[in-house]
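I opened the notebook on this entry to look at one chain, going from its overall packing to a sheet and then to a helix. My notes follow in the order in which I looked things up.

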Amino acid sequence: MLFREDSIARAQHQAVRENVGWFQWTHDLVEVTGTDAGKFLDYLFVNSIYKAGVGRTKYTTMLDEKGKIIDDTIVMHMGEDHYWVSTLYAPQFIKWADAHSNGFEVSYRNITDDTVMFSVQGPNSAKMMNALLKSSVDDLKRFQVVDDQIGDVSIKVHRSGFTGENGYEIYCAKSDAVVVEAALREVGKSFSAVELDILEVYVRSLSMEKGFALRQDMFGLTPYECGLDWSVDLEKDFVGKDALLRAKEEGPKQLLMGLEFFAESYEDITQREIVYSKGIPCGFVRAVIYGYTADKNIGFAVIDSAHAVVGEKVTVGSNDSPAIVTDKCFL
Amino acid sequence: MPLNDRAEQRKCIETVWGKLIPEKEAYRYATREIAAFCANLFQVMRILEPDYNKRTEAICEVSYMMNMSASCEQYLKDFFDEWNIPEFCEKSAWLGAIFGDSGDEYENMAGRVIQFTRNRVEKELDTCPWDIVGSELCNMTTAMFTANFDLTSPDGENTVALNMCEARGCGDRHCRVVAERRDVFNLPKQGWMDHMQQPVMPVHNTPPERSFTGGQIIRNGRYSNAFGEEKTFEWSYRWCMELGWVWCVIFPLVAIRDMAATEEEFQRIFKIVFSTAGKNAFVEPFAVEGMRSWLGVPHEIGQNDPRLMGGYIKAVLDTQLVPNELIAFTKEEIQIKVKTDDFNGRFEMAPTEELSLGYETFWHNAVKTMVSPEWSCWFEGKDNDEMTIVVARKIDKRMI
């Protein structure tokens with residue numbers, strides 16, 4: 001939990017909003033190779049992976065046969081017939097891939113243990129990266145990944161992040177992580193960069209303020225119910241497409257919405273706490289956090305469509321905590 | 001006008017008189033029943049070992065070792081897979097916290113993870129069904145948590161100072177367990193009696209108006225952890241009825257048995273404690289009235305009727321999810337058949353005959369005040385695959 005009076009968490013949060021912060025956040029990584037690697041990933045994911053050239057990356061969700069989200073990932077096109085899938089749940093992804101790989105010339109392996117990722121985020125992140133890397137990041141586009149070096153260490157730089165600020169991800173071999181971390185710490189000094197070590201700041205507080213949800217927030221919903229219409233490519237075939245088309249035609253039964261809480265703190269609200277409209281259940285909470293820039297207790301909730309209206313007054317949980325339904329982005 | 005074909009269905013436990021006990025109420029009751037059994041067992045321990053420190057250290061040692069041996073590498077791996085704990089979570093730091101949080105919620109220990117970082121974890125509880133047992137148990141749980149942390153320590157050494165700095169069993173409003181990394185906070189390795197210290201960093205005290213009265217599975221019908229993985233109420237209830245006995249009865253029992261000079265001495269004291277508890281369970285007349293109301297006992301069932309006790313025993317078994325069958329249910333005799341392994345082995349891997357001994361003694365004495373001293377309760381065929389719980393008249397010139 002994060003609280004308004006936590007000055008350490010606030011300093012870490014605001015460093016990313018106002019200057020630059022860095023942290024180690026190694027996602028699970030699955031390497032996918034083979035002549036059908038691109039086709040296979042296009043079949044697993046809703047977004048058009050085939051449109052991402054080498055060196056480009058795409059955000060996408062992965063659906064089950066019912067058209068419901070079971071994962072959300074960044075797919076990185078690292079080379080010819082060579083992709084990385086950045087997920088939080090590599091073992092589950094591999095099980096799912098096993099179930100759908102028949103007929104594809106493709107292989108995949110969990111490379112999480114070989115790789116470490118550091119994230120550098122904030123309005124001054126480009127300046128810090130330029131001081132850190134051999135090459136400049138000035139021409140690096142969002143969702144682009146390139147090879148570079150920190151000293152003698154080969155790394156990959158991905159312009160992306162989960163904070164809503166401009167930012168970069170540095171991927172290096174695990175054996176080089178100590179060197180990269182030391183370089184970040186040293187270079188960071190001249191930018192007054194802050195090392196973030198509070199998970200909830202870089203996973204929840206920063207991201208939720210900007211409307212970024214985790215897979216677990218969207219699990220069991222369709223992309224349309226999460227406002228991810230833009231990421232669905234209906235021109236191609238993918239797992240769950242038929243069900244998703246039916247769901248689209250029927251319209252969303254529930255929506256992932258924001259909640260703004262009015263109580264001082266949220267100790268009595270956990271994930272899955274029930275949301276009530278006039279005392280009648282109308283949804284459930286997915287996550288709650290204190291946002292240091294928004295200066296509010298905020299959250300995501302799955303709300304029945306009839307009540308998923310910005311400004312709808314609701315109460316949450318067994319102590320009737322008052323809240324209103326909001327957009328997912330709080331800044 | 002359209003009418004529904006049938007009423008909406010919900011799961012309940014039906015008493016022999018047709019009263020429906022909602023599933024959540026049954027779960028709450030059963031959880032407290034396990035705690036009550038544990039409280040009786042701890043009275044046995046206090047008689048056998050008068051020294052507070054000695055007995056507390058003994059049960060801490062055993063529960064630590066049992067938890068270490070129970071949680072093998074594959075078990076932990078399965079746990080991580082089951083919970084989808086991502087790679088960025090440093091497993092050595094957080095396993096204990098995640099493990100503990102889910103266990104708390106399955107056992108209706110309602111609360112929240114206040115802090116969850118590499119160097120510090122703080123967990124606060126508003127309720128605990130076991131808060132009647134006594135502070136030795138509160139100490140013992142920290143020994144179990146220590147095992148959870150030690151199991152995933154990178155070098156196998158104890159790296160975390162773990163304190164139950166508040167405990168409802170000690171009269172505090174909250175239970176509060178804080179784990180602080182020893183190297184970061186410059187803390188010494190702890191002995192078993194050092195686990196109820198105050199933490200280095202200040203705690204967050206949730207105000208009463210934001211407290212819970214029931215766990216997630218009561219409030220929301222399921223447990224959901226910080227990574228969004230969920231367990232249903234049904235799954236959690238079953239888990240609690242199996243493993244709820246293991247940590248608070250079966251683990252400490254290993255140490256408590258060793259406190260007695262002989263097996264006879266252990267059984268003698270065990271029976272005395274459980275008899276006293278049984279006699280006192282219904283000594284107040286309103287206790288019987290309350291029970292009649294809870295079970296929906298009709299007025300035709302009079303005061304000196306063994307069916308009162310039979311219906312009560314069956315409800316206890318049903319709420320504890322123990323399969324059983326009524327064989328006789330008359331004014332003269334009650335017989336309830338149950339598989340011996342089901343009764344003693346709530347968690348299949350750890351059967352314990354003290355469950356039979358404890359309940360037989362408890363019910364034999366409870367019937368004296370609930371119904372009348374003319375009635376007794378005993379278990380027939382305890383050494384067989386199936387045993388029968390009998391409530392009938394018995395005369396014993398040396399009855400206790």
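I began with burial in chain B of this predicted model, where buried residues make up 59% of the 400 residues. I then looked up the exposed surface of chain B, which comes to about 17,700 Å², with carbon and sulfur atoms supplying 52% of it.

For overall dimensions, I noted that the C-alpha trace of chain B spans about 75 × 70 × 40 Å along its principal axes. I checked the radius of gyration as well: chain B has 23 Å, which agrees with the value near 21 Å for a compact globule of 400 residues. Of the contacts in chain B between residues at least 6 apart in sequence, 67% join residues at least 24 apart.

I counted secondary structure next and found 13 helices and 12 strands in chain B. I followed an open sheet of 4 strands in chain B, ordered β3-β4-β6-β5 with antiparallel pairing. Because β3 (111-116) and β5 (160-166) of chain B stand at the edges with a single partner strand each, one side of each is left without a neighbour in the sheet. The twist averages 15° from one strand to the next.

At the β5 edge, I saw that β5(B) pairs with β6 (residues 175-181) of chain B over 6 antiparallel bridges, and that B:Asn163 has B:Val178 in β6(B) as its bridge partner. Helix α5 (residues 135-151) of chain B lies across β5 and β6, running at about 155° to β5(B).

Last, I asked which residues of helix α3 (residues 73-83) of chain B are buried. I found B:Leu76, B:Phe79, B:Phe80 and B:Trp83, and they lie on the same side of α3(B) because they cover an arc of only 95° around the axis.

Methods: Residues numbered from 1 in each chain as written. Chains lettered and ligands numbered in written order. Predicted model: local features only at pLDDT ≥ 70, side-chain atom pairs only at ≥ 80, totals over all residues. Heavy atoms only, no water. Buried < 20%, exposed > 50% of the residue type's maximum accessible area, 1.4 Å probe, protein only. Helix = DSSP H or I, 4+ residues; strand = E, 2+ residues; numbered from the N terminus. Arc of directions from axis to C-beta. Pairing = 2+ DSSP bridges. Axes fitted to C-alpha atoms, helices over the stretch in contact; angles between N-to-C directions. Contact = heavy atoms within 4.5 Å. Rg over C-alpha atoms; globule rule 2.2 N^0.38 Å. Areas by Shrake-Rupley, 256 points an atom, 1.4 Å probe, with all protein chains shown as cover.
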